[in-house]
Structures are given as structure tokens and as C-alpha cells.
Amino acid sequence: MLAFWFGAWTLNAGLAELRAPWVRRVVPMIFGVTVLALWEMAVSLFDISPVILPAPSAIWAQIVTSLPTLWADFLQTFLKGALTGYVIGCAAAVVVAILIDRSPFLQRGLLPVGNFVAALPIVGIAPIMVMWFGFDWHSKAAVVVIMVFFPVLVNMVAGLKATEPMQRDLMSTYSASYWQTLVKLRLPAAMPFLFNGLKIATTLALIGAIVAEFFGSPIVGMGFRITAEIGRLGLPMIWAEIAVAALAGSAFYGVVALIEKRVTFWHPSQRRQGTE
């Protein structure tokens, strides 16, 4: 195992020194395959019980034999709960950020309240949302809205203040109204900040939807499946759900990052990434 790890590490370290575009994709793949191979070898060599840690091959076999169940859980948790709450929460955060930018009263009054709400523990919010909105995906989406709202709001408010005084003065000399300045200058300048919040919210959305299902859900969903399998010591199924959640979360983050690259292609950070 040590020899395999050393060989893979040496290969990856050598590839990381190269400047070719394909290196950024190959290096993480090799690292991931190395971790999975070491995991499989450790379970086999040390005879680790599947109840403690199943081998990757057992998890893969569980995924293959449980595709319909995993797909139904994915639809319930990700598409209905996480994605719906993400869209509603992020859209509301952008609208409220613009209102805060227009109102000094909201700047002093709403942001502290938002900070208080963001500090509320999810294990306390989720049961309340279940009581209010029922056991279906609506309550999970409500939890996600609360979780993603404040990070996006804070980044959007900061982004709206990111323009230079000279830029704002130039718009004033053109007799631009507030809304013209907002659309032509301030919203484009706020895009890098907004996407920072949106990327943070991708992981929060999925976590919030899964945890909310621990406190009540129909007989479908990632959180429900994990809770049910814990009682039966079904570790391969739990790890299968974790793998699906990790892949879905990574893909979600990647889609948002790709949209960011297309929207903020003018930003220096994107130009630096393109030259690396």
C-alpha cells in the first residue's frame, strides 16, 4: 500500500508541474482513483467489517443494484427540495439586496436580522418547517431557502458597493437614473460577488435538504434513506446515497462555476484562470 501510494504521489506530483490544459483534469482523477484503490486494499488486507467501512466495490455494486431507488431519492431531495429552495432563496436574496441598497433603514435594520437568522441551527429550523409546510418536499425547500438566503444576500450587498466613485460620477454626468446605473454599471460589477455567494449556496442547499429529511419526509429521499438504513446497518446503501449526493453537489457547483465563467469573462480572476 505504501509503495502504491508513493508511486501514485510521484506520478501526480510530476504531472502537476506541467502546464498543459489537460493536467488540471487528469491530476484530480488520478488522485481520486488512488484514494479508492487504497481504500479497497485496506478493507481487504485488514479485513475491515462492512458494518464499519464497506469497500468501494461493495458500494458500487449497491449503486448498480439500487439505481431506481437512488434515482427516486435524487429527484425528491435534489430536484424538488434543494434546487427549488436554491432558486427561490437566491432570487429573494438578490431582490432584497437591491432593496437594502436603496434604503438606509433596511441597511441598518434588515442585515442584523438576516445575520441572526443565518445563525439559527438547522436542526432547530427543520422540525418547525416540517410542521408548517408538511412532510413533503415543500418543507425541505423552505429550509434550503433559509440556508442559502443570507450568504447570497451578503455577497450581493457587497457587490453592489464594489463600483468606484469615479464610475458612479461618470454615470451621473450622463444623467443616468438609479435603475440605469444599476443595470449598466452596478449589477455587472456585482456579478463576481454574487457568484461567490451562489457557489457557497450550492453545497448548503443539498446539505439543508438532506438534513431536513431526517425530521420527517415521505418514504423517499436521500435523508430518509440514510435514516432508514442506519437502523438496519445498511452501510453500503448509506455510502451509495453519500456518493450520489457528492456527485450531485459537485456537478451543481461545476454548473454554477461554468455559468460564472461565461458571465464574468471580463473579470481578472477569469483571465488568470484561462492563462494557467
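## Exercises on buried charges and helix 4

In this predicted model, K199 has a relative accessible area of 15% and is therefore buried. The exercises begin with its partner.

**Exercise 1.** Determine which residue forms a salt bridge with K199, and state which helices the pair ties together.

*Solution.*
- Step 1. The partner is E260, and the closest N and O atoms are 2.9 Å apart. This lies inside the 4 Å cut-off for a salt bridge.
- Step 2. K199 belongs to helix 9, whereas E260 belongs to helix 11 (residues 235–263), so the contact ties together parts 61 residues apart in sequence.
- Step 3. E260 has a relative accessible area of 8% and, because buried means under 20%, it is classed as buried.

**Exercise 2.** Establish how many salt bridges a search of the whole structure finds, and identify the partner of D101.

*Solution.*
- Step 1. The search of the whole structure returns 4 salt bridges.
- Step 2. D101 pairs with R186, with 2.7 Å between the closest N and O atoms.
- Step 3. Since D101 is in helix 4 and R186 in helix 9 (residues 178–213), the bridge ties together parts separated by 85 residues in sequence.
- Step 4. D101 is buried at a relative accessible area of 17%. R186 also counts as buried, at 11% relative accessibility.

**Exercise 3.** For the salt bridge between E229 and R232, decide whether E229 is buried or exposed, and do likewise for R232.

*Solution.*
- Step 1. The closest N and O atoms of E229 and R232 are 2.3 Å apart.
- Step 2. The relative accessibility of E229 is 9%, so E229 counts as buried.
- Step 3. The relative accessibility of R232 is 61%; because exposed means over 50%, R232 counts as exposed.

**Exercise 4.** Describe the geometry of helix 4: state what span it reaches and where it bends.

*Solution.*
- Step 1. Helix 4 contains 36 residues and reaches 50 Å from its first C-alpha to its last.
- Step 2. At 1.5 Å a residue, the expected value is 52 Å, and the span of helix 4 is close to it.
- Step 3. A bend of about 25 degrees occurs at F74.

**Exercise 5.** Locate D73, and state which residues it touches beyond four places away in sequence.

*Solution.*
- Step 1. D73 is part of helix 4 (residues 67–102).
- Step 2. Its relative accessible area is 0%, so D73 is buried.
- Step 3. Leaving aside residues up to four places away in sequence, D73 touches F78, V220, G221, M222, R225 and E241.

Technical notes
Residues numbered from 1 in each chain as written. Predicted model: local features only at pLDDT ≥ 70, side-chain atom pairs only at ≥ 80, totals over all residues. Heavy atoms only, no water. Helix = DSSP H or I, 4+ residues; strand = E, 2+ residues; numbered from the N terminus. Buried < 20%, exposed > 50% of the residue type's maximum accessible area, 1.4 Å probe, protein only. Contact = heavy atoms within 4.5 Å. Expected span 1.5 Å × (residues − 1). Bend = angle between axes of the 7 residues up to and from the residue. Salt bridge = Lys/Arg side-chain N within 4 Å of Asp/Glu carboxyl O.
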